[in-house]
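Dear colleague,

Please find below the structure that I am handing over to you, together with its sequence. My findings follow underneath, arranged by region.

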Amino acid sequence: MKKTVARTPTGIPGLDEILGGGFPQGRVVLVLGEPGAGKTILSTQYLANGIAKFGENGLFVSMEEGKGHYWREMSAFGWELEGAEKTGKFNFVDASPIRTIPGEVRIGKLTIGRQDFSLISLLEVIRSSAKAIDAQRIVVDPISLLLYQYPDESQRRKALLDLVEALAETGATCLLSSELHRVGLKGRIVQIEEYLVHGVILMQTIAAGRTMERIIQVEKMRETQIDRQPRPYRITEKGIEVYPRESVI
Ligand SMILES: Nc1ncnc2c1ncn2[C@@H]1O[C@H](COP(=O)(O)OP(=O)(O)O)[C@@H](O)[C@H]1O
Ligand SMILES: [Mg+2]
């Protein structure tokens, strides 16, 4: 018999269906999409469902926006995250100041460069915040700004590897989001972050006749039988909804 891998369901309507049941447990999955595609909504919904439906605590590491802004945007969907934070089931880490760290930082007798410091402190804060609430789900949203700090590709790769490894070590099932560098279904350049993760989900907007349609596609997912067809999705007042039996092309 084939070994079956434990799944972590997202609880997002239609998404688990194209994922063959959910994310492979304990793995690191990348969500790639243009700005406005719904990456922050999808990853927050993943955490909110974890808490409300599956008894799994969630950590949200925000690289871009502060907490006030995040609460305001997510309050539209009715997820009870503020209550969950009070009961220790949800944790929000504002890692956005990492962008404004000066060129060099002194820690004791040691002076280290900005890039190293920001990565080391990021990994440290992820480890401790995940541990504090025993998080089984972790989101880092988005990693684009972190990557831009490394113009050199080998350094960028190393930083990403360190991040993916640190996340994998927590044992949680993790989502990273990143900006997609082009539009349309053809001529896509594979981005470096895609090589280093266990799964990749694409969120895009394409022209369908006279309207624009949002499509989601599981591009790769280790240990999983996936549906690789692009499927339409919508963002409603309840969050993301995927239509796994509708085709777009
Ligand atoms: N309450 C809402 N109802 C429906 N759609 C919404 C709502 N709030 C935001 N959106 C849509 O969600 C998108 C933003 O989602 P977000 O997760 O922030 O995107 P990303 O993180 O990929 O940049 C916007 O394009 C907007 O159209
Ligand atoms: Mg976002």
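**Surroundings of ligand 1**

In this predicted model, a polar side-chain atom of K39 is 2.8 Å from an oxygen atom of ligand 1. R214 also places a polar side-chain atom 3.2 Å from an oxygen atom of the ligand. At G38 the contact involves the backbone: one of its polar backbone atoms is 3.0 Å from an oxygen atom of ligand 1. Taken alone, ligand 1 exposes 580 Å², and the protein buries 63% of that area.

The elements that contribute two or more residues to the shell around the ligand are α2 (39-54) and β12 (231-236). Helix α2 gives the most, with three residues. There are 13 residues around ligand 1, and those that come nearest are G36, G38, K39, T40 and I41. By character, the residues of the shell divide into six nonpolar, four polar and three charged.

**Helix α7**

Helix α7 comprises the 18 residues 153-170. At 1.5 Å a residue it should span 26 Å, and its end C-alpha atoms are indeed 26 Å apart, so the expected and computed values agree.

Which residues of α7 are buried? They are R156, A159, L160, L163, V164, A166 and L167. These residues cover an arc of only 160 degrees around the axis, and therefore lie on the same side of α7. The face turned away from this buried side carries the exposed residues S154 and E169. Just after the helix, G171 adopts a positive phi of about 85 degrees.

**Backbone features in the loops**

Three loop positions may be worth inspecting in the display.

- The peptide bond from D141 to P142 is cis, with omega near -20 degrees. P142 is located in the loop between β8 (137-141) and α6 (144-148).
- D134 is not a glycine, yet it has a positive phi of about 50 degrees. The residue is found in the loop between α5 (114-133) and β8. D134 counts as exposed because its relative accessibility is 53%, and the cut-off for exposed is over 50%.
- E223, also a residue other than glycine, has a positive phi near 60 degrees. E223 lies in the loop between β11 (211-221) and β12. Its relative accessible area is 38%, so E223 is classed as partly exposed.

**Strand β9 and a contact distant in sequence**

Is S178, in strand β9 (residues 173-179), buried or exposed? S178 counts as buried because its relative accessibility is 1%, where buried means under 20%. S178 and V31 are 147 residues apart in sequence, while their C-alpha atoms are 6.3 Å apart in space.

**Points to look at**

When you open the structure, I would suggest this order of viewing:

1. The contacts of ligand 1 with the side chains of K39 and R214, and with the backbone of G38.
2. The buried side of α7, including L160 and L163, and the opposite face with S154 and E169.
3. The cis peptide bond from D141 to P142, followed by the positive phi values of D134 and E223.
4. The pair S178 and V31, with C-alpha atoms 6.3 Å apart.

With kind regards

Notes: Residues are numbered from 1 along each chain as its sequence is written. Chains are lettered from A and ligands numbered from 1 in the order in which they are written. This is a predicted model: local features need pLDDT of at least 70, side-chain atom pairs count only at pLDDT 80 or more; totals for chains, interfaces and linings use all residues. Side-chain values use heavy atoms; hydrogens and water are left out. Helices (H or I, at least four residues) and strands (E, at least two) are DSSP runs, numbered from the N terminus. The expected span of a helix is 1.5 Å times one less than its number of residues. Buried means under 20% relative accessible area, exposed over 50%, partly exposed in between (1.4 Å probe, protein chains only). The arc is that of the directions from the helix axis to the C-beta atoms. A residue is near a molecule or strand if one of its heavy atoms lies within 4 Å of it. A polar contact is a pair of N or O atoms within 3.5 Å; within protein, one must be able to donate a hydrogen and the other to accept it, and residues adjacent in sequence count only if both atoms are side-chain atoms. Accessible areas come from the Shrake-Rupley method with a 1.4 Å probe; for residues, only the protein chains shown count as cover. Ala, Val, Leu, Ile, Met, Phe, Trp, Tyr, Cys and Pro count as nonpolar, Asp, Glu, Lys and Arg as charged, and the others, Gly among them, as polar.
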